[in-house]
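Biologist: I would like to learn how to read side-chain features in a model like this one. Could we go through it together?

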Amino acid sequence: MNLYFRDNFISSGITEILNEQEENVGQLDLKSAFSSAIEVFGQNGQLLCKGSFPIFSGKWEVTGADGGQLGILKSQFSFLNKKFIYETEGRGSYEISSLAFSKEYEIFDDSAKLVASFEKVNGWFSAGAFLLSNKSPSLDSYELVAVIMGMHAIQKRHSAATNHPNI
């Protein structure tokens, strides 16, 4: 399944999740401009999962509609690559990686098999828009939307931290 979704310029409000035919297949609720918390809804408006930073944590937590933890996303230091690890509850760990200046990312399972990919896209979408291609039997596409938005939030935090000199 391929999905398009995006961040808002002010990182708040509801945006659509679209399929390749540009049909609405869900919504992404960017809860507030003052926090990175999100909620992902399916085509029928049902809450599917949530993502947020727990208090005083640099890790992104993805939970199901019932509040149960689906997984934790964390960044890994890498000199020439962007690298993240998504550790799930009972479904293994997944590595998300990209070359340093690339807009394309790949997601590999524990056996180093490519299970999904996504890229930042341009066009009628904003700069914070993504195209997800999911082939994983274990990771739901809407869960991956929450993971990707978490990765985007972690990158924004890192960028903000490096762009502000210590006083």
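**A buried lysine, charged pairs and rings**

Modeller: Gladly, and please keep in mind that this is a predicted model. Let us begin with K82, which is buried yet has no salt bridge. The nearest side chain of opposite charge, E104, is 10 Å away.

Biologist: Where does K82 sit, and which residues is K82 in contact with?

Modeller: K82 has its place in strand β8, residues 81-88. Beyond its neighbours within four places in sequence, K82 is in contact with I96, S97, S98, L99, A100, S102, Y105 and Q155.

Biologist: Which backbone oxygen lies 2.6 Å from a polar atom of the K82 side chain?

Modeller: That is the backbone oxygen of S102. When a buried charge has no salt bridge, a polar partner of this kind is a good thing to look for, and S102 also appears among the contacts of K82.

Biologist: How should I read the salt bridges, and how many are there?

Modeller: The general idea is that side chains of opposite charge can pair when their charged atoms come close. The cut-off here is 4 Å between a side-chain nitrogen of Lys or Arg and a carboxyl oxygen of Asp or Glu. By this rule there are 3 salt bridges.

Biologist: What are the details for E87 and K74?

Modeller: Their side chains meet in a salt bridge, at 3.3 Å from N to O. This pair links distant parts of the chain, with E87 in strand β8 and K74 in strand β7 (residues 69-76), 13 residues apart. E87 counts as partly exposed because its relative accessibility is 32%, and K74 is partly exposed with a relative accessible area of 22%.

Biologist: Which residue does E95 pair with?

Modeller: E95 forms a salt bridge with K83, and their closest N and O atoms are 3.7 Å apart. E95 lies in strand β9 (residues 93-99) and K83 in strand β8, so this salt bridge ties together parts that are 12 residues apart in sequence. E95 is partly exposed at 28% relative accessible area, and K83 counts as partly exposed at 26%.

Biologist: And how far apart in sequence are R91 and E143?

Modeller: They are 52 residues apart: R91 is in the loop between β8 and β9, while E143 is in helix α1, residues 141-163. Their side chains meet in a salt bridge at 2.9 Å, N to O. Here it helps to check each partner on its own: R91 is partly exposed at 26% relative accessible area, whereas E143 counts as buried because its relative accessibility is 5%.

Biologist: Let us turn to the rings. How many aromatic pairs does a search of the whole structure find?

Modeller: The search finds 4 aromatic pairs. To read one, take the distance between the ring centres and then the angle between the planes. Y105 and F118 form a stacked pair, with 4.7 Å centre to centre and 5° between the planes. Y105 belongs to strand β10 (residues 104-108) and F118 to strand β11 (residues 114-121), 13 residues apart. Y105 counts as buried, at 2% relative accessibility.

Biologist: Is F118 buried or exposed, and how is F118 arranged with F130?

Modeller: F118 counts as buried, at 2% relative accessibility. The ring centres of F118 and F130 are 6.2 Å apart and their planes are at 70°, so this pair is edge-to-face. F130 lies in strand β12 (residues 129-134), 12 residues from F118. F130 is buried too, as F118 is.

Biologist: Which residues form one aromatic cluster?

Modeller: F5, Y105, F118 and F130 form one cluster. Y105 also takes us back to the start, as one of the contacts of K82.

Definitions and conventions
Residues numbered from 1 in each chain as written. Predicted model: local features only at pLDDT ≥ 70, side-chain atom pairs only at ≥ 80, totals over all residues. Heavy atoms only, no water. Phe/Tyr/Trp six-rings, centres within 6.5 Å; stacked < 30°, edge-to-face > 60°. Helix = DSSP H or I, 4+ residues; strand = E, 2+ residues; numbered from the N terminus. Buried < 20%, exposed > 50% of the residue type's maximum accessible area, 1.4 Å probe, protein only. Lys, Arg positive; Asp, Glu negative; His and termini not counted. Polar contact = N/O pair within 3.5 Å; in protein donor to acceptor, adjacent residues only side chain to side chain. Contact = heavy atoms within 4.5 Å.
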